[in-house]
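Subject: Structure handover

Hello,

Here is the structure I said I would pass on. My notes are below it.

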Amino acid sequence: MLKNIVSATLLAATLTTGAFAMGTVELTDANKAKITELLTAEGYDVGKIKLEDGYYEAYAKKDGKKLEVLLDGDFTIVKIQD
């Protein structure tokens, strides 16, 4: 029984740690402002920002191209789509 309790506790701790490591994806005004600031610093003209499949999705323009920029919960760009 003690072995089961220890195993369950370790599993819960592992799952919780993983959730915090990735960063939470919430669409707040503060997060929108941070994304806009980050992308503007990289030369993007940022439009609408929304959530898509657990990522932030920013519609932006750069060098005359319309792009969709996907960012994770830590505000790291993970994909840029034409």
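The notes start with a hairpin and then follow one of its residues into the core. Please keep in mind that this is a predicted model.

Strand 3 (residues 65-71) and strand 4 (residues 77-81) run antiparallel and are joined by four bridges. Across this pairing, Leu-70 stands opposite Lys-79 in strand 4. Five residues lie between the strands of the hairpin, and Phe-75 has a positive phi there, near 65°.

Phe-75 also takes part in an aromatic pair, and the count of such pairs comes to one. Its partner is Tyr-56; the ring centres are 5.4 Å apart and the planes are at 10°, under the 30 degrees that counts as stacked, so this pair is stacked. The pair links distant parts of the chain, 19 residues apart: Tyr-56 belongs to strand 2 (residues 55-62), and Phe-75 to the loop between strand 3 and strand 4.

Both residues are buried, which here means under 20% relative accessible area: Tyr-56 is at 0% and Phe-75 at 16%. Leaving aside neighbours within four places in sequence, Phe-75 is in contact with Asn-31, Lys-34, Ile-35, Leu-38 and Tyr-56.

The largest nonpolar core has twelve residues, among them Tyr-56, Phe-75, Ile-35 and Tyr-44. Helix 2 (29-41), strand 1 (45-52), strand 2 and strand 3 each give two or more residues to this core.

One last item concerns Tyr-44: the charged end of Lys-62 sits over its ring, 4.7 Å from the centre.

Regards

Key: Residues are numbered from 1 along each chain as its sequence is written. This is a predicted model: local features need pLDDT of at least 70, side-chain atom pairs count only at pLDDT 80 or more; totals for chains, interfaces and linings use all residues. Side-chain values use heavy atoms; hydrogens and water are left out. Two strands pair if DSSP finds at least two bridges between them. Rings of Phe, Tyr and Trp (its six-membered ring) pair if their centres lie within 6.5 Å; planes under 30 degrees apart count as stacked, over 60 as edge-to-face and the rest as tilted. Buried means under 20% relative accessible area, exposed over 50%, partly exposed in between (1.4 Å probe, protein chains only). A charge sits over a ring if NZ of Lys or CZ of Arg is within 6 Å of the ring centre and within 35 degrees of the ring normal. A nonpolar core is a set of buried Ala, Val, Leu, Ile, Met, Phe, Trp, Tyr and Cys residues joined through side-chain atoms within 4.5 Å. Contact means heavy atoms within 4.5 Å.
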